[in-house]
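Here is a short tour for anyone who likes to check a model by its contacts and distances. Have the viewer ready, and follow along at your own pace.

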Amino acid sequence: MKILHIDNNHDLMIEQLKAAGHTNHEDYTSSKEEIEAKIDQYEGVVIRSRFKIDKQFLDAATNLKFIARVGAGLESIDIPYAESKGVALIAAPEGNRNAVGEHSLGMLLMLFNKLKLADAEVRSGQWNREKNRGLELEGKTVGLIGYGNMGNAFSKKLKGFDCEVICYDLKPNLGNENARQVSLKELQEQADVLSLHTPWTPLTDKMVNTDFIDEFKKPFWLINTARGKSVVTADLVEALKAGKILGAGLDVLEYEKLSFENLFTAKEEMPKPLQYLITADNVVLTPHIAGWTVESKIKLAQTIVDKILQL
């Protein structure tokens, strides 16, 4: 097959696909319109998140057999329309699940032990031990919403901390030795920590809002390494101010652009809720890198290659 690579990935992808007899063309700079003008020449497309693959793109791709996204989700693709045209869709959540699990744990431990604040104070010459007394994960209840690749990876990391891990998912019978599956109501009654591991769908869009937060019986800590648009930032800020949410670790933000390359253009003003998060001592922010490790770059590419070769 002739395969067009729209985003740069690990070299092993081109090398292995070439060795299997496929022709690879790389175009990392052309606009969406320029790509659409030539996409009918290709049977396959490999992309990360440079632009959305919509109806217009798919109509131009008259010979397309597959779209491979080097990442966990397919939200940048018009899935129903692609499937209606018989285009196979490939993602690689197996490739970065371990990285996401480790990052989620790192954020949680950073919040519990006040590492952000303590580090900043020591660097400024302050030695405040009592102010920075931490919490232990042992004995706490961690609730996971979404128990697929990412949720499973995080629960596995938590196993050695002697905490209880519960999970909620739309699919039944997903609980295992690392997490007990419960109803959403039970999760909201028991959780000391909430960690999101869901794709962005109509059901998860703006899921964590004031009404959702108010259903929790106890104040809780929030970790989001899933999708930024699942959390209403303004409602999160109000909950932080009110003490309903004790702290937040956010690898994703609702203000992200599709390409994940920047938050704002020079002309855009930073929203007030984000201004608050940036200054809050009990908030840890990272730029959508939970699944972004040296190792996951290799694993993601290898997973995509393996799936393409199975077509």
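The sections below cover the two sheets, a helix packed on one of them, a few single residues and the salt bridges.

## Ground rules

This is a predicted model, in which local features need pLDDT of at least 70 and side-chain atom pairs count only at pLDDT 80 or more, while totals for chains, interfaces and linings use all residues. Residues are numbered from 1 along each chain as its sequence is written, and side-chain values use heavy atoms, with hydrogens and water left out.

## The five-stranded sheet

Let's start with the open sheet of five strands, ordered β2-β1-β3-β4-β5 with parallel pairing. Its edges are β2 (23–26) and β5 (88–90); each has a single partner strand, so one side of each lacks a neighbour in the sheet. From one strand to the next, the twist averages 20°. Helices and strands here are DSSP runs numbered from the N terminus (helices H or I, at least four residues; strands E, at least two), and two strands pair if DSSP finds at least two bridges between them.

Strand β1 (residues 2–5) pairs with β2 over four bridges in the parallel sense, and Ile3 has Asn24 as its bridge partner in β2. Helix α12 (residues 294–309) lies across β3 (44–47), β4 (66–69) and β5, at about 165° to β4. Such angles run from 0 to 180 degrees between N-to-C directions, with axes as lines fitted to C-alpha atoms, for helices over the stretch in contact.

## The seven-stranded sheet and α7

The other open sheet has seven strands in the order β8-β7-β6-β9-β10-β11-β12, again with parallel pairing. At its edges, β8 (180–181) and β12 (283–285) each pair on one side only. Between β9 (residues 193–196) and β10 (residues 220–224) there are four bridges in the parallel sense, and Leu196 has Asn224 as its bridge partner in β10.

Helix α7 (residues 149–158) lies across β6 (141–145), β7 (164–168) and β9, running at about 165° to β6. Its buried residues (under 20% relative accessible area; exposed is over 50%, partly exposed in between, with a 1.4 Å probe and protein chains only) include Met150, Phe154 and Leu158. The buried residues of α7 pack against α5 (93–112), β6, β7 and β9, where contact means heavy atoms within 4.5 Å.

## Two threonines

Which residues does Thr233 touch, not counting those up to four places away in sequence? They are Glu254, Tyr255, Pro273 and Leu277. Thr233 belongs to helix α10 (residues 233–242) and is buried, at 3% relative accessibility.

Thr201, by contrast, sits in the loop between β9 and α9 (210–214) and is partly exposed at 29%.

## Salt bridges

There are 17 salt bridges in the structure, each a side-chain nitrogen of Lys or Arg within 4 Å of a carboxyl oxygen of Asp or Glu. In one of them, the closest N and O atoms of Lys32 and Glu36 are 2.5 Å apart. Both residues are buried; they are four residues apart in helix α2 (residues 32–36), and therefore about one helical turn separates them.

Asp59 and Lys85 also meet in a salt bridge, at 3.4 Å from N to O. Asp59 lies in helix α3 (residues 55–60) and Lys85 in the loop between α4 (79–84) and β5, so the pair ties together parts 26 residues apart in sequence. Lys244 bridges to Asp214 at 2.9 Å between the closest N and O atoms. This pair links the loop between α10 and β11 with helix α9, so parts 30 residues apart in sequence are tied together.
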